[in-house]
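Open the structure in your viewer and set the display to cartoon. The stops below go from a sheet to the helices beside it.

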Amino acid sequence: MEKKHKKPLISVRDLYKIYKVGESEVRALDGVSFDIFKGEFVAIVGASGSGKSTLLNMLAGLEPPTKGEIDIAGKRIDRLSESGLVAFRRSNVGFIFQSYNLLNTMDAEENVAMPLMFRGVPKSLRLKKAEELLKLVGVADQARHMPNQMSGGQQQRVGIARALVSDPKIIFADEPTGNLDSKTSMDVLRLLQRLVKEEHQTLVMVTHDNDLASYADKRIRISDGKIIDMDLSERARTIEGIEA
């Protein structure tokens, strides 16, 4: 079925974020519109200050728009209360952070299992799910290791497993390779491509790096709060080791 006949998983229309700075207005986002479909790996690309992180925060319900519409999985999140947004994120969203954000007092398995604790999942079941996901992302041997006993790449894989543990509809990744060397960055991108392809995940990644963005299915380029280009051709570069 053609995508034009499908309903988007994420639909953004005329989105603005305007800040008052003294007597002036700063338009962090200036009338942004786009769609993202289930199973896509989308990169939002822009330099520092372009508005890409503001856009990610609004898509994740972390920051309200000044005006405009954000529809995710059939829900207008721009209309939700703070408690409604918390419930929405818990049920629909996984996060991958540049700085990993693992808890230093927990081992890898406990870090991955933690989001399920807030859902009231029994400990035995959440640890079993965490074990499965650590295996999926290739760090099952790190299950009992604390964050300071793991490399940056291993920590990021644990972070990816944690993002997946709640079976989210969407994963948001904020510069997920920003603290990694080039080889480890490719390893993480290979993993993300595989998760999108094999696990049918929808992934929205923010990056300043055009080369990294070229591995996504769709690129949305943003500058001064406006979309300046959208590559809808879905010709993602394929890292060696992944079938085209």
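Two strands count as paired if DSSP finds at least two bridges between them. With that in mind, note that this is a predicted model, and begin with its open sheet of 6 strands. The strand order is 6-7-8-3-9-10, and the pairing is mixed.

Select residues 93–96, which form strand 6, and then 226–231, which form strand 10. These two strands stand at the edges; each has a single partner strand, so one side of each is left without a neighbour in the sheet. Look along the sheet: from one strand to the next, the twist averages 20°.

Keep strand 10 and add strand 9, residues 218–223. The two run antiparallel and are joined by 5 bridges. Which residue of strand 10 is the bridge partner of Ile-220? The partner is Met-230.

Next, select helix 2, residues 82–92. Helix 2 packs on the sheet and touches strand 6 and strand 7 (170–174). Its direction makes about 75° with that of strand 6.

Now select helix 5, residues 152–164. Helix 5 also lies across strand 6 and strand 7, and runs at about 170° to strand 6.

Add helix 6, residues 182–199. The axes of helix 5 and helix 6 come within 10 Å and cross at roughly 20°. Angles under 35 degrees count as roughly parallel, so helix 5 is roughly parallel to helix 6. The crossing is right-handed.

Finally, show side chains at this contact. Helix 5 contributes Gly-153, Gln-156, Arg-157, Ile-160 and Leu-164. From helix 6, the residues include Thr-184, Asp-187 and Val-188. The contact residues divide into 6 nonpolar, 3 polar and 2 charged.

Terms used
Residues numbered from 1 in each chain as written. Predicted model: local features only at pLDDT ≥ 70, side-chain atom pairs only at ≥ 80, totals over all residues. Heavy atoms only, no water. Axes fitted to C-alpha atoms, helices over the stretch in contact; angles between N-to-C directions. Helix = DSSP H or I, 4+ residues; strand = E, 2+ residues; numbered from the N terminus. Parallel < 35°, antiparallel > 145°, perpendicular 65-115°, else oblique. Left-handed = near helix turned anticlockwise from the far one by under 90°. Contact = heavy atoms within 4.5 Å. Nonpolar A, V, L, I, M, F, W, Y, C, P; charged D, E, K, R; others polar.
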